[in-house]
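Reader: I would like to go through this model briskly, one point at a time. Please show it, then take my questions.

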Amino acid sequence: LNAMNSTVDQYTNESAFLMGKLLAVMDELHRCYCIAQREGDIPNTLIGNGLLGRAAESPARALEELLDRSRIYIGWAKTADLPSGDDKEASRIAVFSARKVIRLASTLSESLHRANQLDRELAPERKAHLFLGYLSPILGPDADGAGAAETPTEPQPKGPNQS
């Protein structure tokens, strides 16, 4: 990417990167659904991963397919009741995570709409941007570049001179 004069500030706001990130977000939504509704039975290929190749060929068609295939997961995330009981903690976390993911997907979709560049096959550089978007963190301290953690983290061990 460096050889192509592609900078982080430039490509993180382009439609190819945003599309990759949206696919990753939808993978997370699909994973949450599987944890809560399929008792942790997560398929090898999640929804976004399954559309990654299509997005490189035609981002608009991939988005169209994503819309059709994700309806069940979006509907579930918006209407799911929080399960109760100690044995349902993973399902509760999955529902909360899914609701957070829906908010992220909404923001990404708005950005993609503003970019309005989904109607053509991606050039090699933009395919790399798509892949980088897909691989970028969606939750946690590096998710938006701001450094604010959105998921619980493990406490760091303290050294002998730290309190």
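Author: This is a predicted model. Start with helix α4, which has a kink centred on Ser70.

Reader: How large is the kink in α4, in degrees?
Author: The bend sits in helix α4, residues 59-79. Its centre is Ser70, one of the buried residues of this helix. The kink comes to about 55°.

Reader: What is the reach of α4 from its first C-alpha to its last?
Author: Helix α4 has 21 residues. At 1.5 Å a residue, 30 Å is expected. The computed reach is close to that: 29 Å.

Reader: Which elements cover the buried residues of α4?
Author: The buried residues of α4 are Pro59, Ala62, Leu66, Ser70, Tyr73, Trp76 and Ala77. Their cover includes three other helices. Among the covering elements are α2 (15-37), α3 (47-57) and α5 (89-115).

Reader: Which residues form one aromatic cluster?
Author: A search of the whole structure finds three aromatic pairs. Tyr33 and Tyr73 form one of them, edge-to-face, at 4.9 Å centre to centre and 70° between the planes. Tyr33 and Trp76 form an edge-to-face pair too, at 5.6 Å and 90°. The cluster is Tyr33, Tyr73 and Trp76.

Reader: Is Tyr73 buried or exposed?
Author: Buried means under 20% relative accessible area. Tyr33 has 15%, so it is buried. Tyr73 falls under the cut-off as well, and therefore counts as buried, with a relative accessible area of 14%.

Reader: How many residues apart in sequence are the parts that Tyr33 and Trp76 tie together?
Author: Tyr33 is buried, and so is Trp76. Their rings pair edge-to-face. Tyr33 lies in helix α2 and Trp76 in helix α4, so the parts tied together are apart in sequence by 43 residues.

Reader: Which residue forms a salt bridge with Arg54?
Author: Side chains of opposite charge can pair when their charged atoms come close. For Arg54, the N to O distance in the salt bridge is 3.5 Å. Arg54 lies in helix α3 and its partner in helix α4, so the pair ties together parts that are eleven residues apart in sequence. That partner is Glu65.

Reader: Which residues do salt bridges with shared partners join into one network?
Author: Glu65 also forms a salt bridge with Arg69, with the closest N and O atoms 4.0 Å apart. Glu65 and Arg69 are four residues apart in helix α4, so about one helical turn separates them. Shared partners give one network: Arg54, Glu65 and Arg69.

Reader: What is the relative accessible area of Asp41?
Author: Asp41 forms a salt bridge with Arg38, the closest N and O atoms being 3.3 Å apart. Arg38 counts as partly exposed, at 35% relative accessibility. Asp41 is partly exposed too, and its relative accessible area is 46%.

Reader: How many helices and strands are there in the protein?
Author: From the N terminus on, the elements run α-α-α-α-α-α. The count is therefore six helices and zero strands.

Reader: What share of the contacts with a separation of 6 or more comes from residues 24 or more positions apart?
Author: The pair of Tyr33 and Tyr73 is one link between distant parts of the chain, 40 residues apart. Across the protein, contacts with a separation of 6 or more are counted. Residues 24 or more positions apart account for 67%.

Key
Residues numbered from 1 in each chain as written. Predicted model: local features only at pLDDT ≥ 70, side-chain atom pairs only at ≥ 80, totals over all residues. Heavy atoms only, no water. Helix = DSSP H or I, 4+ residues; strand = E, 2+ residues; numbered from the N terminus. Contact = heavy atoms within 4.5 Å. Expected span 1.5 Å × (residues − 1). Bend = angle between axes of the 7 residues up to and from the residue. Buried < 20%, exposed > 50% of the residue type's maximum accessible area, 1.4 Å probe, protein only. Salt bridge = Lys/Arg side-chain N within 4 Å of Asp/Glu carboxyl O. Phe/Tyr/Trp six-rings, centres within 6.5 Å; stacked < 30°, edge-to-face > 60°.
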